[in-house]
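Hi,

Here is the structure I said I'd pass on to you. Have a look at it first, then read on for what turned up.

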Amino acid sequence: MTRVVRTAPATLTHTWYATGSETPVDPTGTPTVAVVAADGVSVQSGSATIVGGSSGQTTFALTAVATLELLTVTWTAIVSGVTRVEVDYVEIVGGHLFTLVEGRASDASLSDTATYTTAMLANARLEVETELEHICDRAFTPQYQRVVLDGPGNAQVFLRHTMADRTAADITTIRSVSMAPRLDETFVAFTAAQLAALVVTEDGMLRRVDGDVWTEEQNNIVVEYEYGWTGVPAQLKTAAMLRFRTRLNLNRSGVPERAVSYTIGDAGTYRITQPGIYATGQ
């Protein structure tokens with residue numbers, strides 16, 4: 001998974017390896033890329049660029065996407081004489097917990113761009129963002145979901161998150177709704193008036209207040225919604241950057257960065273912070 005901020009162009013990278021091996025292999029010919037949104041609509045397609053030098057890497061220039069989305073990126077290339085198809089995912093989000101510039105500037109050691117590459121920083125930030133979202137069961141930047149629900153036969157249906165351990169929290173916009181009488185029949189998109197007659201409760205209930213009901217059937221409702229906070233609290237941002245530095249240096253230090261005190265001979269004392277009501281211990 002890669003995250004890209006909406007309205008920002010990005011260069012996507014995919015690395016090809018020999019089958020069953022860790023050895024990168026450059027494709028031959030002209031690799032192609034197809035980018036599709038969660039609803040199946042094509043977003044962009046074209047030829048990928050082979051970086052060369054036996055890196056196995058191909059790149060693709062993704063033009064700016066203005067809306068929050070979950071994109072499926074399908075790469076097709078000839079590798080070692082065989083046509084291969086591989087898939088990556090790109091999440092278009094409203095922002096990050098912190099910029100890579102802020103992350104690098106948070107510790108002088110990270111100024112070494114040879115040791116700490118931009119790609120390493122981006123991967124570590126993504127780990128921290130997703131970890132924090134799972135721990136807190138919410139997103140701290142605007143994000144997108146597309147879910148398929150069962151119609152209950154009454155006026156209210158519970159929204160869910162596509163990840164089993166997450167709930168639908170902090171919903172800001174119901175972007176679209178489609179419903180079918182049966183799963184194998186045509187889905188009909190809600191009108192602007194029908195969307196305006198939807199209410200989302202704090203517990204994630206999507207309620208119709210126009211007198212109509214959700215048709216009873218399995219997997220006959222498709223809802224696209226946006227959720228998440230619009231600003232990152234300062235304390236959370238500081239804690240996220242601390243965790244970010246820890247992830248980057250997991251194998252570089254025997255002393256955890258969250259250490260408060262430690263005792264080893266005459267070297268001094270440190271103590272590890274512990275989880276609490278307002279702390280994760282990270």
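Before we start, one term: a nonpolar core is a set of buried Ala, Val, Leu, Ile, Met, Phe, Trp, Tyr and Cys residues joined through side-chain atoms within 4.5 Å. "Buried" here means under 20% relative accessible area. Also keep in mind that this is a predicted model.

With that in hand, the largest nonpolar core has 19 residues, and V33, V35, L71, V73, W75 and V90 are the ones with the most contacts inside it. Where do those residues come from? At least two each are supplied by β2 (10-15), β3 (28-36), β6 (57-62), β7 and β8. Strand β7 gives the most, with 5 residues. There is another core apart from this one; it has 17 residues, including A139, L149, W214 and Y227. As background, nonpolar side chains tend to be buried together in soluble globular proteins.

L71 is a good residue to click on. If you skip its neighbours within four places in sequence, L71 is in contact with V35, V36, A37, V43, L62, V65, D88, Y89, V90 and I92.

Now step back to the whole protein. It comes to 4 helices and 15 strands. Of its 282 residues, 34% count as buried. The accessible surface is about 15,200 Å², and carbon and sulfur atoms hold 53% of that. If you take the contacts with a separation of 6 or more, 65% of them are between residues 24 or more positions apart.

Back to β7, which covers residues 69-79 and includes L70. Is L70 buried or exposed? Neither: its relative accessibility is 33%, so L70 counts as partly exposed. Together with M1, V87 and Y89, L70 makes a nonpolar surface patch of about 360 Å².

Next door in your viewer, try R84, which sits in strand β8. R84 has a relative accessible area of 16%, so this arginine is buried. What does its side chain reach? The backbone oxygen of Y17, at 2.9 Å. Leaving out residues up to four places away in sequence, R84 touches W16, Y17, T19, W75, T76, A77 and V79. You may recognise W75 from the list for the largest core.

Two residues have a backbone angle to look at. Most residues other than glycine have a negative phi. S80, though, has a positive phi near 55°. You'll find S80 in the loop between β7 and β8 (82-93), and S80 is exposed because its relative accessible area is 57%. N219 also has a positive phi, of about 50°, without being a glycine. This asparagine lies in strand β15 (residues 217-227), and with a relative accessible area of 35% N219 is partly exposed.

Last stop: L236, in helix α4 (residues 234-248). At 17% relative accessibility, L236 counts as buried. Which residues does L236 touch, not counting those up to four places away in sequence? They are L132 and F140. L236 and F140 are 96 residues apart in sequence, yet their C-alpha atoms are 9.4 Å apart in space.

That's what I have for now. Enjoy clicking around!

Cheers

Definitions and conventions
Residues numbered from 1 in each chain as written. Predicted model: local features only at pLDDT ≥ 70, side-chain atom pairs only at ≥ 80, totals over all residues. Heavy atoms only, no water. Patch = residues over 30% accessible without salt bridge, like charges linked within 9 Å, V, L, I, M, F, W, Y side chains within 5 Å. Areas by Shrake-Rupley, 256 points an atom, 1.4 Å probe, with all protein chains shown as cover. Salt bridge = Lys/Arg side-chain N within 4 Å of Asp/Glu carboxyl O. Buried < 20%, exposed > 50% of the residue type's maximum accessible area, 1.4 Å probe, protein only. Contact = heavy atoms within 4.5 Å. Polar contact = N/O pair within 3.5 Å; in protein donor to acceptor, adjacent residues only side chain to side chain.
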